[in-house]
Amino acid sequence: MLFADAGLSGAEISSLFILWSVSSFLIDVPSGIWADAFSRRLLLTLAPGLTAVGYALWTFLPSYPFFALGFVLWGAGGAVRSGALQALVYDELTRLGSSGAYGRLIGRSRAVGTTAVMAATALASPVLHAGGYRAVGLASVAVALVGVPVGRSFPESRGGGEREERYGAVLRSGLAELRGAPEIRRRLLVVALVSGVDALDEYVPLLAKATGAGAATVPLLVHA
């Protein structure tokens with residue numbers, strides 16, 4: 001709704017979603033290697049900061065170029081976090097001899113995340129009514145920034161910051177495996193397609209608004 005009310009056309013909004021999907025996919029490949037070659041805790045600290053900057057651009061500079069940059073940063077934040085959290089939790093549990101608890105902990109974290117998204121969607125309505133897009137944007141930035149110290153608080157016994165030579169070796173090995181494994185290439189294509197389809201959910205608020213509902217009512221309709 002923010003993009004539509006800022007004057008963007010349907011084609012421009014669609015191009016933003018495409019940019020988001022493509023940037024997320026492209027960054028997700030090297031980010032998996034970063035999680036193996038560098039500090040995972042550092043990646044988990046960096047990821048919410050990137051997302052917060054993207055939200056801030058949308059909030060204070062609502063125009064197509066900054067919307068586009070914000071989507072790239074949002075995609076980068078998600079890609080940097082992707083895999084790093086799971087790998088860090090699993091390694092630390094293994095170190096403590098409790099690797100069997102991994103599935104339970106990750107399942108709980110995802111359940112809490114889903115519940116938090118539902119709660120945030122419901123809260124968006126009164127926040128929009130009280131302060132408009134600026135208030136929602138500020139709240140989004142604040143919540144994202146909370147993730148920075150949370151990411152920093154994770155324990156990491158594995159030494160991070162390995163030398164760049166290791167990163168290059170991992171990257172070359174991964175690319176070589178990709179070239180020699182058609183099945184992996186097909187799976188990467190499926191991931192890219194699923195990421196694109198997932199972006200279709202972002203059109204739901206626009207459809208809700210097209211019914212004549214006010215901006216503060218749309219989150220409630222989406223939540224329902």
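Author: Welcome! A contact here means heavy atoms within 4.5 Å of each other. With that in hand, 75% of the chain's contacts between residues at least 6 apart in sequence join residues at least 24 apart. Please keep in mind that this is a predicted model.

Reader: Thanks! What makes up the chain, in terms of helices and strands?
Author: There are ten helices and zero strands, and the pattern along the sequence reads α-α-α-α-α-α-α-α-α-α. Of the 224 residues, 30% are buried.

Reader: Why is the pair of Trp-20 and Trp-74 called stacked?
Author: A pair of aromatic rings is described by the distance of the centres and the angle of the planes. Rings pair if their centres lie within 6.5 Å, and planes under 30 degrees apart count as stacked. The centres of Trp-20 and Trp-74 are 4.4 Å apart and their planes stand at 10 degrees, so this pair is stacked. Trp-20 sits in helix α2 (residues 10-37) and Trp-74 in helix α4 (residues 64-81), so the pair links distant parts of the chain, 54 residues apart.

Reader: How do you know whether Trp-20 and Trp-74 are buried or exposed?
Author: Buried means under 20% relative accessible area, exposed over 50%, and partly exposed in between. Trp-20 has 13%, so Trp-20 counts as buried. Trp-74 has 23%, so Trp-74 counts as partly exposed.

Reader: And what makes the pair of Trp-58 and Phe-71 tilted?
Author: Planes under 30 degrees apart count as stacked, over 60 as edge-to-face, and the rest as tilted. For Trp-58 and Phe-71 the planes are at 55 degrees and the centres 4.9 Å apart, so the pair is tilted. Trp-58 belongs to helix α3 (residues 40-60) and Phe-71 to helix α4, 13 residues apart. Both Trp-58 and Phe-71 are buried.

Reader: How many aromatic pairs does the structure hold, and which residues do ring pairs link into a cluster?
Author: The structure holds twelve aromatic pairs. The cluster linked by ring pairs consists of Phe-3, Phe-17, Trp-20, Tyr-55, Trp-58, Phe-67, Phe-71 and Trp-74.

Reader: Why are α3 and α6 called roughly antiparallel?
Author: Angles over 145 degrees count as roughly antiparallel. Helix α3 and helix α6 (residues 102-152) pack at about 170 degrees, with their axes 7 Å apart. The two helices are therefore roughly antiparallel to each other. Among the residues making the contact are Arg-41, Pro-48 and Tyr-55 of α3, along with Arg-134, Val-141 and Gly-151 of α6. By class, eleven residues of the contact are nonpolar, seven polar and three charged.

Reader: What makes Thr-51 buried?
Author: The cut-off for buried is under 20%. Thr-51 has a relative accessible area of 12%, so Thr-51 is buried. Thr-51 lies in helix α3 and, setting aside neighbours within four places in sequence, is in contact with Leu-73, Trp-74 and Gly-77.

Reader: Why does Glu-12 count as partly exposed?
Author: Partly exposed falls between the 20% and 50% limits. At 32%, Glu-12 is therefore partly exposed. Glu-12, in helix α2, touches Gly-7 and Tyr-64, not counting residues up to four places away in sequence. The C-alpha atoms of Glu-12 and Tyr-64 are 7.9 Å apart, although the two residues are 52 residues apart along the chain.

Reader: Which residues does UniProt list as "transmembrane region"?
Author: The unreviewed UniProt entry lists residues 17-35, 42-61 and 67-90. In the model, residues 17-35 are 100% helix and 0% strand, with end C-alpha atoms 26 Å apart. Residues 67-90 are 92% helix and 0% strand, with end C-alpha atoms 35 Å apart.

Key: Residues are numbered from 1 along each chain as its sequence is written. This is a predicted model: local features need pLDDT of at least 70, side-chain atom pairs count only at pLDDT 80 or more; totals for chains, interfaces and linings use all residues. Side-chain values use heavy atoms; hydrogens and water are left out. Rings of Phe, Tyr and Trp (its six-membered ring) pair if their centres lie within 6.5 Å; planes under 30 degrees apart count as stacked, over 60 as edge-to-face and the rest as tilted. Helices (H or I, at least four residues) and strands (E, at least two) are DSSP runs, numbered from the N terminus. Buried means under 20% relative accessible area, exposed over 50%, partly exposed in between (1.4 Å probe, protein chains only). UniProt positions are given in the numbering used here, feature names are shortened, and annotations may be inferred rather than shown by experiment. Axes are lines fitted to C-alpha atoms, for helices over the stretch in contact, and angles run from 0 to 180 degrees between N-to-C directions. Angles under 35 degrees count as roughly parallel, over 145 as roughly antiparallel, 65 to 115 as roughly perpendicular and the rest as oblique. Ala, Val, Leu, Ile, Met, Phe, Trp, Tyr, Cys and Pro count as nonpolar, Asp, Glu, Lys and Arg as charged, and the others, Gly among them, as polar.
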